Every structure is written in structure tokens, then in C-alpha cells.
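Hello,

Here is the structure we talked about handing over. Please open it beside this email and follow along.

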Amino acid sequence: MRGIGPGRLDSPTPCTEYDVRGVLNHLILWTGHRGVLAARKEPIEGPADDHDFTVDPGWAENYAVRSGATAEAWTDPAAWEGQTGMSGAGQMPAPFVGGILFVEWIFHGWDLAVATGQKPNLDDDLQKAIFDRVSGMVETARKYKVFGPEVRVPTSAAPFDRALGLAGRDPDWTP
């Protein structure tokens, strides 16, 4: 996020329903605000889906702090137990919600990087972890329209590229 200049906010992204500003706002809302509340199983409050965080001074630094708080909250084993939610739409198993947050961070980070000319760098362990998580949740995620239809990727491709394909993203996307 820190590498995204204001001139890139209207650029397209691989997440076809959002431009860069839309992905930023979505990611900030879910992983920077609601994610910590979900980990703590607290009522969802704060900004709505239509809030534009990119007009706030220091939005990238503010997100770094909030995102760190969300990550920290999910290190508590209790976060992964029972049911939790991230909207008023109801509760889901906490491991599913935690998994969605992990995928949100990685995939939307990738969306933002490739849309703004940055190069994402995922080590082998992270690539395997994201592939394993996506593989285990793909059917449920499609049911809830979190993932799109699969994009075919060769089985010889890197685990991250295969994960992107499973989630409905084209690993070769360019603006």
C-alpha cells in the first residue's frame, strides 16, 4: 500500500469488481477494521462498506497499524474457536473467517501490487500455505461468492499461481 501513489487509485485491478481505490477500501475495511473484531468475537461496528479510507491523511500508515492489530488478534487460539462474523449477515466457523482474512491479505495485496506495477514477493512457505488454505476452502468460498470460477493454471505452476487460479484470478493478469 505504501507504494501506491494517488495517481493510481483509479487503475484497474485483477479483482474485476474493484479499481485500486476499491480494493484498498475493501482490504482496509475487512482486514484493518472488522478482522480484529471478528477475532475477538465483538460486535461489528465502525466504518461502512462505502467509506473511502483513501481520503484520510496517512491512510497507508493507519492501515499498517490496524492490520497489525488484526494479525495480532488472530494469534490468540481462542480466535480460531467457535463462530464469528464480519458483517451483519451472520456467523460462520471462526477457522473459515480466519482463513478468508489470510486469503484477503495475500490476494488483495497481489491485486494491488500487479495493478500498480509492483512485484509481490512470496516465499515458498507462504506460497504453499496460501495454496493449502485456498484448496481447502474453495468449494465453500465459491458457494458464498468469495471466489470466482476457476481459471485453469498448469499443475506445474508455482503454488501461488495455482491458488490464484483456484480462486478465479489469472496469474498472468496485467493492466
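Which residue follows helix 5, and what is the sign of its phi? The residue is G168, and its phi is positive, near 95 degrees. Bear in mind throughout that this is a predicted model.

**Helix 5**

Helix 5 covers residues 159-166. Its buried residues are F160, A163, L164, G165 and L166. What do they pack against? Their partners are helix 3 (94-115) and helix 4 (124-143).

F160 also has a place in a pairing across the chain. Its C-alpha atom is separated by 9.7 Å from that of D123, and the two residues are 37 apart along the chain. D123 sits in the loop between helix 3 and helix 4. Is D123 buried, partly exposed or exposed? It is partly exposed, because its relative accessibility is 48% and the exposed class starts over 50%.

**Helix 1 against helix 2**

Next, look at how the helices pack. Helix 1 and helix 2 meet at an angle of about 30 degrees. Their axes are 8 Å apart. Is the crossing left-handed or right-handed? It is left-handed.

Which residues make the contact? Helix 1 supplies L24, L27, I28, T31, G32, H33, G35, V36, A39 and R40. Helix 2 supplies W59, Y63, R66, S67, A69, T70 and A73. By class, the contact holds 9 nonpolar, 6 polar and 2 charged residues.

**The largest pocket**

Now the open spaces. The largest pocket has a volume of about 880 Å³. Its lining has 29 residues. Closest to the centre are H26, E104, Y144, K145 and V146. Helix 1 (20-40) and helix 3 are the elements that give two or more residues to this lining. Which element gives the most? Helix 3 does, with 7 residues. The lining divides into 16 nonpolar, 9 polar and 4 charged residues.

**The second largest pocket**

The second largest pocket has a volume of about 490 Å³. How many residues line it? There are 20, and M1, L27, Y63, W105 and G109 lie nearest its centre. Two of these names appeared above: L27 of helix 1 and Y63 of helix 2 are both part of the helix 1 and helix 2 contact.

Helix 2 (59-73) and helix 3 are the elements that give two or more residues to this lining. Helix 3 provides the largest share, 6 residues. By class, the lining has 13 nonpolar, 5 polar and 2 charged residues.

**Two lysines with positive phi**

Two lysines deserve a look at the backbone. K41 has a phi near 60 degrees, a positive value in a residue other than glycine. Where is K41? It is in the loop between helix 1 and helix 2. K41 is partly exposed, because its relative accessible area is 34%.

K145 has a positive phi of about 60 degrees, and it is not a glycine either. K145 lies in the loop between helix 4 and helix 5. Why does K145 count as exposed? Its relative accessibility is 73%, and the cut-off for exposed is over 50%. K145 is also one of the residues closest to the centre of the largest pocket.

**Strand 1**

T84 is in strand 1, which spans residues 83-84. Is T84 buried or exposed? T84 is buried, because its relative accessible area is 2% and buried means under 20%. What does T84 touch, leaving out residues up to four places away in sequence? The list is A38, K41, W74, G90, Q91, M92, A94 and V97. So K41 has a second entry here, as a contact of the buried T84.

**The start of the chain**

Last, G3. It is found in the segment before helix 1. G3 counts as partly exposed, because its relative accessibility is 47%. How far is its C-alpha atom from that of T116? The separation is 8.2 Å, with the two positions 113 residues apart in chain numbering.

**To recap**

Helix 3 gives the most to the lining of the largest pocket. It also gives the largest share to that of the second largest pocket. The buried residues of helix 5 pack against it too.

Best wishes

Definitions and conventions: Residues are numbered from 1 along each chain as its sequence is written. This is a predicted model: local features need pLDDT of at least 70, side-chain atom pairs count only at pLDDT 80 or more; totals for chains, interfaces and linings use all residues. Side-chain values use heavy atoms; hydrogens and water are left out. Buried means under 20% relative accessible area, exposed over 50%, partly exposed in between (1.4 Å probe, protein chains only). Helices (H or I, at least four residues) and strands (E, at least two) are DSSP runs, numbered from the N terminus. Contact means heavy atoms within 4.5 Å. On a 1 Å grid over the protein atoms alone, a cavity is a set of points where a 1.4 Å probe fits but cannot get out, and a pocket is an open set with protein on both sides within 12 Å along at least five of seven lines; lining residues have an atom within 4 Å of a point. Grid points are joined across faces, edges and corners, and a volume is the space filled by probe spheres set on the points. Ala, Val, Leu, Ile, Met, Phe, Trp, Tyr, Cys and Pro count as nonpolar, Asp, Glu, Lys and Arg as charged, and the others, Gly among them, as polar. Axes are lines fitted to C-alpha atoms, for helices over the stretch in contact, and angles run from 0 to 180 degrees between N-to-C directions. A crossing is left-handed if the near helix is turned anticlockwise from the far one by less than a right angle, and right-handed if clockwise.
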